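Please look through the model below, in which attention will go to its enclosed spaces, its packing and a few residues in loops.

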Amino acid sequence: MTGAVLSARNLRVETRERHNGVAPVRRVDLEVMPGDRLGIIGESGSGKTTAVRALIGSLAKNLTVSSGTIDLNGEPIFGDGVDRLRTIRGRSVGMVFQAPRATLNPVRTIRSQLSEMARTHVPGMTKAAAVERARELLSRMGLADPDRVLKSFPHELSGGMCQRVAIAMAVIAEPDVLIADEATSALDVTTQAEVVKLLSEVCEQTGTALIFVTHDLLLAGDVCSHLAVMYGGQIVEQGTSAAVLGAPAHPYTRALLAATPGWRPDVPPVGIPGIPPRLNLDFVGCGFRDRCTFAQDACAHEVPQRELEHQRYTCVREA
Ligand SMILES: Nc1ncnc2c1ncn2[C@@H]1O[C@H](COP(=O)(O)OP(=O)(O)OP(=O)(O)O)[C@@H](O)[C@H]1O
Ligand SMILES: [Mg+2]
């Protein structure tokens, strides 16, 4: 028992198709403690979405989790013959995606969707109590006229309003963990800042741990207590945000920071040379080796990880 709300060990996701197949997630180990706000960062295609979708059993049909275990509050929910992901989805683990309209039913009012969500997951709740809870949550999400929103259909709301509703929908059952995958990326910068602030406030008030997936390193640094840097289907470095951003240790983390506009206001960003590898099923070793100045022959068949301190992992090459 580690006291973690959610933990995943040795998670691997592969295509069901063996011929020309890939493994978008090769190995993910993570641990989210109560109240943590864990940011998962990394460039496009690094496997962030696939990894978090695996955590809630919501992968694309052609993908499957081929190894690994997932525990929720110390109880196994996946792996070793157990698969209870469907029963925890929505109730214990909520999720918000980039395209909120896709998660909302276009032909039902917000009131009916939110209250149903609350009642499905909170046994014994009356309809009136569910609507009241929905109204209160919408107002907490910064929506000025919650009654009008409750009466509306998704197409009658702006993108920013829909995203607030989607967040309300994900937290109304007070899940233990909320996973937000690029949930604010489609919003304009001002709305994004506000929605992110509300998201982390709601999580704090309800004691919900947050897994915040984003391309935006600076945003992740602002929002998250911990960061996991993903590359080539693996977490290459993780630790507190202060440690990862203040003293990045993995060559990829350093390259990612150097490539981030605004990371160092006085220094122009420098792109990362080369491209990420195709993660064929038989791909082994460190995915960054062809782009890394510290790579050694051994990196072709092992991932040289080491633990710097408790819960802080990175590459072993640079002492
Ligand atoms: N259903 C699928 N079948 C085959 N390959 C897939 C599938 N879904 C994703 N992939 C591949 O897995 C890799 C990781 O994709 P994923 O969407 O998880 O990355 P990401 O880090 O979330 O990227 P982004 O930042 O663009 O959202 C990519 O190379 C992608 O092409
Ligand atoms: Mg993604």
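Which residues line the largest cavity? In this predicted model, the lining of the largest cavity is made up of His-250, Cys-286, Phe-288, Arg-289, Cys-292, Phe-294, Ala-295, Cys-299, Pro-304, Cys-315 and Arg-317. The space in this cavity comes to about 60 Å³, and its lining divides by class into eight nonpolar residues, one polar residue and two charged residues. The structure holds two cavities of 30 Å³ or more, and the second largest of them has a volume of about 40 Å³. Around the second largest cavity stand Val-236, His-250, Cys-286, Val-303, Pro-304, Gln-305, Thr-314 and Cys-315, a lining with five nonpolar and three polar residues and no charged ones.

His-250 appears in the lining of the largest cavity and again in that of the second largest, and its surroundings can be followed further. His-250 belongs to the loop between α10 (241-246) and α11 (251-258), and because its relative accessibility is 5%, under the 20% that marks the limit for burial, His-250 counts as buried. If neighbours within four places in sequence are left aside, the contacts of His-250 are with Val-236, Glu-237, Phe-288, Thr-314 and Cys-315. Of these residues, Phe-288 and Cys-315 also take part in lining the largest cavity, while Val-236, Thr-314 and Cys-315 take part in lining the second largest.

From the cavities the reader may turn to the open spaces. The largest pocket has a volume of about 360 Å³, and among the 16 residues that line it, Gly-90, Met-95, Thr-103, Met-117 and Met-169 are the closest to its centre. At least two lining residues come from each of β7 (93-96), α4 and α7, with β7 giving the most, namely four residues. By class, ten residues of this lining are nonpolar, five are polar and one is charged.

Helix α4, one of the elements that supply this lining, covers residues 110-121. Its twelve residues reach 17 Å from the first C-alpha to the last, which is close to the 16 Å expected at 1.5 Å a residue. Within α4, Ile-110, Gln-113, Leu-114, Ser-115, Met-117, Ala-118 and His-121 are buried, and the buried residues of this helix pack against α5 (127-140), α6 (146-151) and α7 (159-171). Met-117 thus has a place both among the buried residues of α4 and among the residues closest to the centre of the largest pocket.

Which residues have the most contacts inside the largest nonpolar core? In this core of 59 residues, they are Leu-114, Leu-138 and Phe-212, and α7 is the element that gives the most to the core, with eight residues. Apart from it lies another core, of 35 residues, which includes Leu-6, Val-32, Met-95 and Val-177. Leu-114, which is buried in α4, is in contact with Ala-134, Leu-138, Leu-150, Val-165, Ala-168, Met-169 and Ile-172, once its neighbours within four places in sequence are set aside. One of these partners, Met-169, is also listed with the residues closest to the centre of the largest pocket, as is Met-95, a member of the other core.

The remaining residues to consider lie in loops. Asn-20 has a positive phi of about 60 degrees although it is not a glycine, and it is found in the loop between β1 (6-15) and β2 (25-32). With a relative accessible area of 58%, Asn-20 is exposed. Glu-174, likewise a residue other than glycine, has a positive phi near 45 degrees and lies in the loop between α7 and β8 (177-181), where its relative accessibility of 43% makes it partly exposed.

Is Gly-21, which is found in the loop between β1 and β2, buried or exposed? Gly-21 counts as buried, because its relative accessibility of 7% falls under the 20% limit. Not counting residues up to four places away in sequence, Gly-21 touches Thr-15, Arg-278, Leu-279, Asn-280 and Leu-281. By contrast with these contacts, the C-alpha atoms of Gly-21 and Thr-208, which are 187 residues apart along the chain, are separated by 36 Å.

Definitions and conventions. Residues numbered from 1 in each chain as written. Chains lettered and ligands numbered in written order. Predicted model: local features only at pLDDT ≥ 70, side-chain atom pairs only at ≥ 80, totals over all residues. Heavy atoms only, no water. Expected span 1.5 Å × (residues − 1). Buried < 20%, exposed > 50% of the residue type's maximum accessible area, 1.4 Å probe, protein only. Contact = heavy atoms within 4.5 Å. 1 Å grid on protein atoms, 1.4 Å probe; cavity = no way out; pocket = protein on both sides within 12 Å on 5 of 7 lines; lining within 4 Å. Points joined across faces, edges and corners; volume = space filled by probe spheres on them. Nonpolar A, V, L, I, M, F, W, Y, C, P; charged D, E, K, R; others polar. Core = buried A, V, L, I, M, F, W, Y, C linked by side-chain atoms within 4.5 Å.
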